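Colleague: I should be grateful for a close look at one part of this model, namely the aromatic side chains at its surface. Please then set that part beside the other side-chain interactions that can be described with confidence.

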Amino acid sequence: MVLDALQKIKAEDDSSLSYRRSCREGICGSCSMNIDGTNTVACLKPIDADTSNATIITLLPHMYVIKDLVVDLTNFYHQYR
């Protein structure tokens, strides 16, 4: 899964990488991000077996950046109430 790849990158290559994670089961949505142009959760998104194309991971659109892949969810939670 993409979340596993992010954890490996953080552990072995760049310890400053920031992203959210929690349940690892696709329930909480904390690891939501845009992966290859689709908003999804990183814990359920498999890594494409075709390694000739890079996997593009970006922030969720229309959200303010806190750091790296962490976005400000204040407006989301405000609208959720």
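Modeller: A residue counts as buried when its relative accessible area is under 20%, as exposed when it is over 50%, and as partly exposed in between. Phe76, at 43% relative accessibility, therefore counts as partly exposed. Please bear in mind that the model is a predicted one.

Phe76 is located in helix H2, which covers residues 74–80. Together with Tyr77 and Tyr80, Phe76 makes up a nonpolar patch on the surface. The accessible area of these three residues together is about 400 Å². Tyr77 has 47% relative accessibility and so is also classed as partly exposed.

Within this patch, the rings deserve separate attention. One aromatic pair is found when the whole structure is searched. Its members are Phe76 and Tyr77, whose ring centres are 5.2 Å apart. The angle between the two planes is 70°, and the arrangement is edge-to-face. Planes over 60 degrees apart are counted as edge-to-face, which is why the pair receives that label.

Charged side chains come next. Side chains of opposite charge can pair when their charged atoms come close. The search of the whole structure gives two salt bridges. One of them joins Arg24 to Asp4, with 2.8 Å between the closest N and O atoms. Asp4 belongs to helix H1 (2–12), whereas Arg24 is in the loop between helix H1 and E1, so this salt bridge ties together parts that are 20 residues apart in sequence. Both partners are partly exposed: Arg24 because its relative accessibility is 41%, and Asp4 because its value is 33%.

The other salt bridge links Lys8 with Glu12, and here the closest N and O atoms are 3.0 Å apart. Lys8 and Glu12 are four residues apart in helix H1, which means that about one helical turn separates them. Their accessibility classes can be stated as well. Lys8 is partly exposed, at 49% relative accessibility, while Glu12, at 54%, counts as exposed.

A buried polar residue offers a contrast to the surface patch. Asn34 is part of strand E1, which spans residues 32–35. With 12% relative accessibility, Asn34 counts as buried. The side chain of Asn34 makes a polar contact of 2.9 Å with the side chain of Asn39. In addition, a polar atom of the Asn34 side chain lies 3.1 Å from the backbone nitrogen of Gly37. Leaving aside residues up to four places away in sequence, Asn34 touches Asn39, Ile56, Ile57, Thr58, Leu59, Leu60 and Pro61.

One further residue may be placed for orientation. Thr38 is in strand E2, made up of residues 38–41. Its relative accessibility is 44%, so Thr38 counts as partly exposed. From Thr38 to Tyr64 the C-alpha to C-alpha distance is 18 Å, and the two residues are 26 residues apart in sequence.

To return to the part requested: Phe76 is a partly exposed residue of helix H2. Phe76 forms an edge-to-face pair with Tyr77 and shares a nonpolar surface patch with Tyr77 and Tyr80.

Methods: Residues are numbered from 1 along each chain as its sequence is written. This is a predicted model: local features need pLDDT of at least 70, side-chain atom pairs count only at pLDDT 80 or more; totals for chains, interfaces and linings use all residues. Side-chain values use heavy atoms; hydrogens and water are left out. Patches are made of residues with over 30% relative accessible area and no salt bridge: like charges are joined within 9 Å, nonpolar side chains (Val, Leu, Ile, Met, Phe, Trp, Tyr) within 5 Å. Accessible areas come from the Shrake-Rupley method with a 1.4 Å probe; for residues, only the protein chains shown count as cover. A salt bridge is a side-chain nitrogen of Lys or Arg within 4 Å of a carboxyl oxygen of Asp or Glu. Helices (H or I, at least four residues) and strands (E, at least two) are DSSP runs, numbered from the N terminus. Buried means under 20% relative accessible area, exposed over 50%, partly exposed in between (1.4 Å probe, protein chains only). Rings of Phe, Tyr and Trp (its six-membered ring) pair if their centres lie within 6.5 Å; planes under 30 degrees apart count as stacked, over 60 as edge-to-face and the rest as tilted. A polar contact is a pair of N or O atoms within 3.5 Å; within protein, one must be able to donate a hydrogen and the other to accept it, and residues adjacent in sequence count only if both atoms are side-chain atoms. Contact means heavy atoms within 4.5 Å.
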